[in-house]
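Student: I should like a close look at a single part of this structure, with the surrounding detail needed to place it. Could you describe it in one connected account?

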Amino acid sequence: MDSVEHYQAFFKTGEGQLFPWLEALRAPARERFVAQGFPDPLEEGWRYTPLRSLERVRFTPAEAMSAIPSEPVDLELLKDAYSVVFVDGHYVATASCLEGLPEEVKLKPLSLALRTPGEDLQGLFEDTAAAASCHRLEDFNTALFSDGLCLDIQPNYRLEKPIVVLHLTQQAQGLNTLQHRLRLAKGAEAHLIEVFIGPNDHPSLTTSMTYAVMDENASLRHVRLQREGKASHHFSGLRLKLKRSARYRGHLASLGALWSRTEIHAQLGTSAECELEGLLLASGRQHQDVETRLDHGGTHASSRQNFRGIANERGRGVFTGRIVVDPGAEKTDAGMSIRNLLLSGDAEIDARPQLEIHADDVKCSHGVTVGQLDEEAVFTLQSRGIGEQEARHMLTFAFANELIERIEPEAARASIRDAFKATLPGSDFGSES
Amino acid sequence: MLSIQNLEAKADEQAILKGISLDIKPGEVHAIMGPNGSGKSTLSNILAGREGYQVTHGSVTYEGKDLLAMKPEERAREGIFLAFQYPVEIPGVSNIYLLKAALNAIRKHHGQTEVDAMDFLQLVKAKIKSLSLDEQFLYRGVNEGFSGGEKKRNEILQMAILEPRLCILDETDSGLDIDALKIVADGVNALRSPTRSFIMVTHYQRLLDYIKPDVVHVLAQGRIVRSGGPELALELEARGYGWIDPSLNH
């Protein structure tokens with residue numbers, strides 16, 4: 001049995017009678033995935049990210065929710081936040097906290113929303129839908145997702161407390177597939193924090209797609225921390241639609257998993273603002289891939305991208321950043337910076353900025369650097385009494401910390417800082433002053 | 001405290017130090033003067049343990065130990081401090097973090113506990129004030145965006161906090177205006193004690209107006225060609241290096 005046949009057995013079918021709109025979403029995705037399978041390494045977007053290791057294992061979705069995880073869950077992060085916890089692809093009500101939500105905010109797991117009469121899920125799915133599926137991993141996710149977050153915020157409502165979404169994978173060879181849908185009405189504001197945690201001792205596969213539409217002047221701050229287990233595979237995608245003057249600010253820290261790919265695609269309307277920052281760390285034999293695509297469709301929109309990659313041992317990093325400026329999108333202001341640090345001779349990072357500009361009066365810039373630690377700085381620290389290894393860790397951390405420092409809220413920043421320090425091999429350099 | 005015997009060293013296969021001998025006792029201030037290319041900075045760097053030099057002959061003994069066998073961090077923990085000629089910028093590592101990490105590394109080496117956070121902050125604040133540095137400097141990246149004078153003062157700040165026993169100042173006066181020079185000199189003078197020694201490497205006599213040396217050595221073409229009291233520096237200033245080494249008269 002090939003891998004496609006294996007997954008076919010788990011396709012979600014039989015929803016058609018109750019939810020024809022959901023079936024209408026799943027059916028074409030199923031068909032495309034069956035016909036085409038997983039992306040081929042010969043395809044341009046996947047040349048640097050082979051899926052062989054992912055295809056070798058037959059992952060299986062968990063039938064039902066398993067016990068509450070014993071994994072250390074970041075409790076600081078869950079304090080003073082609404083939280084939605086998914087374990088092996090299933091919502092765990094007892095671990096989540098949705099108490100005290102104002103009526104302007106609808107926040108529910110899909111599994112619950114489907115059973116709630118009067119929910120306009122079809123509208124939410126249609127509004128947030130991306131223009132088209134980009135590839136078969138997205139189709140794979142659509143064919144299989146077992147749950148997800150549905151968030152709908154009324155006009156001009158500012159949700160102060162952050163929403164934390166925890167994705168936990170526990171089951172051996174588990175397949176954890178979720179799809180989130182967010183709609184922020186005109187002037188609405190929210191703060192979303194997504195955390196992915198997986199087991200270290202056996203492989204697992206998490207795929208998670210987040211679709212968001214942001215109406216005029218809406219604002220979303222989004223933090224994503226990927227610290228899956230050492231044998232895990234991780235694929236997550238974000239598809240954003242930013243309407244007039246909407247603002248998105250995203251921070252990504254991709255630290256875990258053996259194989260990881262994160263995609264961020266955004267469509268920017270007139271005067272929309274999109275800011276993406278990301279940090280990735282590839283140690284051992286880790287593969288970290290980040291792909292962004294920003295479509296500037298309206299005039300006066302601005303985007304800033306600031307990514308840093310660190311590869312150690314035999315780690316591998318891939319950045320593909322594409323900026324497309326549509327005809328007529330005058331006064332576009334787009335900037336992209338990709339800085340990389342190689343800590344060993346066997347490490348590799350490929351950075352591929354791509355600009356496609358179809359308008360005249362635009363400002364687009366991009367810069368890529370790949371370098372090593374500054375040996376002068378290492379010596380300076382040594383000459384002050386700090387051991388060489390510690391000096392190297394300190395400088396590596398400093399490189400990452402320039403991005404980490406900008407993360408809000410403080411709890412998310414601390415969580416990412418701790419996760420980074422814990423992931424950096426052999427690091428033990430005390431606490432931050 | 002420090003004894004250098006017949007030290008010869010190469011960099012990139014080129015002989016730079018050609019037999020240097022020097023003895024420094026506790027509490028002494030030695031000035032090493034010399035024209036460009038005489039080997040002054042090489043000597044400083046070899047003492048601090050910078051890579052890129054091959055010692056081909058001779059020995060350096062620091063408090064009875066073979067200094068050349070020690071790693072740079074071990075030398076620092078044992079009390080050697082090099083104030084850099086060109087301090088590097090280290091973005092992302094704040095000044096205060098470096099100071100604390102360095103001080104704790106040295107304390108740990110001597111079997112002491114980590115410094116108390118409040119005590120440390122008080123100590124640092126007192127020192128930066130005496131060096132006319134703004135408190136905000138503590139929270140900026142090490143030397144990041146600092147002016148030349150600020151970088152040099154920052155070196156002295158580190159020295160004041162770490163309290164080394166042998167301070168090597170490599171062209172600390174270069175690039176300083178007269179006001180900054182005074183501040184730096186005051187900082188150094190405040191650290192003078194009967195147990196702490198200094199090596200001041202400099203091209204000009206100017207620094208020695210503010211920090212009085214006990215001994216002045218003139219280095220030329222990798223050798224100490226003359227040693228004397230502070231009056232030697234004044235004579236050099238008046239007559240030029242060509243007075244010592246005729247090959248420098250072009």
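Tutor: The account below takes chain B first, then its contact with chain A, and ends with one glycine of chain A. The model is a predicted one.

In chain B, consider the pair formed by helix 5 (residues 148-162) and helix 6 (residues 178-191), whose axes come within 10 Å and cross at roughly 10 degrees. Angles under 35 degrees count as roughly parallel, so helix 5 of chain B is roughly parallel to helix 6 of chain B. On the side of helix 5 of chain B, the contact is made by B:Gly149, B:Lys152, B:Arg153, B:Ile156, B:Met159 and B:Ala160. Helix 6 of chain B contributes B:Ala180, B:Ile183, B:Val184, B:Gly187, B:Val188 and B:Leu191. By class, the residues of this contact comprise 8 nonpolar, 2 polar and 2 charged.

Chain B also holds an open sheet of 4 strands, in the order 2-1-4-5 and with antiparallel pairing. Strand 2 (14-24) and strand 5 (65-66) of chain B are the edge strands; each has a single partner strand, so one side of each has no neighbour in the sheet. At one of these edges, strand 5 of chain B is joined by 2 bridges to strand 4 (residues 54-62) of chain B, and the two run antiparallel. B:Lys65, in strand 5 of chain B, is the bridge partner of B:Tyr62. Helix 1 (residues 40-48) of chain B packs on this sheet, where it touches strand 1 (2-11), strand 2 and strand 4 of chain B. The direction of helix 1 makes about 70 degrees with that of strand 2 of chain B.

The contact between the chains takes 21 residues from chain A and 23 residues from chain B. On the side of chain A that touches chain B, helix 8 (375-382) and helix 9 (388-404) of chain A each supply at least two residues. Helix 9 of chain A gives the most to that side, with 7 residues. The side of chain A that touches chain B has 7 nonpolar, 8 polar and 6 charged residues.

Finally, A:Gly297 lies in the loop between strand 15 (287-296) and strand 16 (302-311) of chain A. A:Gly297 is buried, because 20 other C-beta atoms lie within 10 Å, and 20 or more is the cut-off for that class. Leaving aside residues up to four places away in sequence, A:Gly297 touches A:Gln267, A:Leu268, A:Gly269, A:Asp326 and A:Ala329. The C-alpha atom of A:Gly297 is separated by 9.9 Å from that of A:Leu242, a residue 55 residues apart along the chain.

Notes. Residues numbered from 1 in each chain as written. Chains lettered and ligands numbered in written order. Predicted model: local features only at pLDDT ≥ 70, side-chain atom pairs only at ≥ 80, totals over all residues. Axes fitted to C-alpha atoms, helices over the stretch in contact; angles between N-to-C directions. Parallel < 35°, antiparallel > 145°, perpendicular 65-115°, else oblique. Contact = placed C-beta atoms within 7 Å. Nonpolar A, V, L, I, M, F, W, Y, C, P; charged D, E, K, R; others polar. Pairing = 2+ DSSP bridges. Buried ≥ 20, exposed ≤ 12 C-beta atoms within 10 Å, placed from the backbone.
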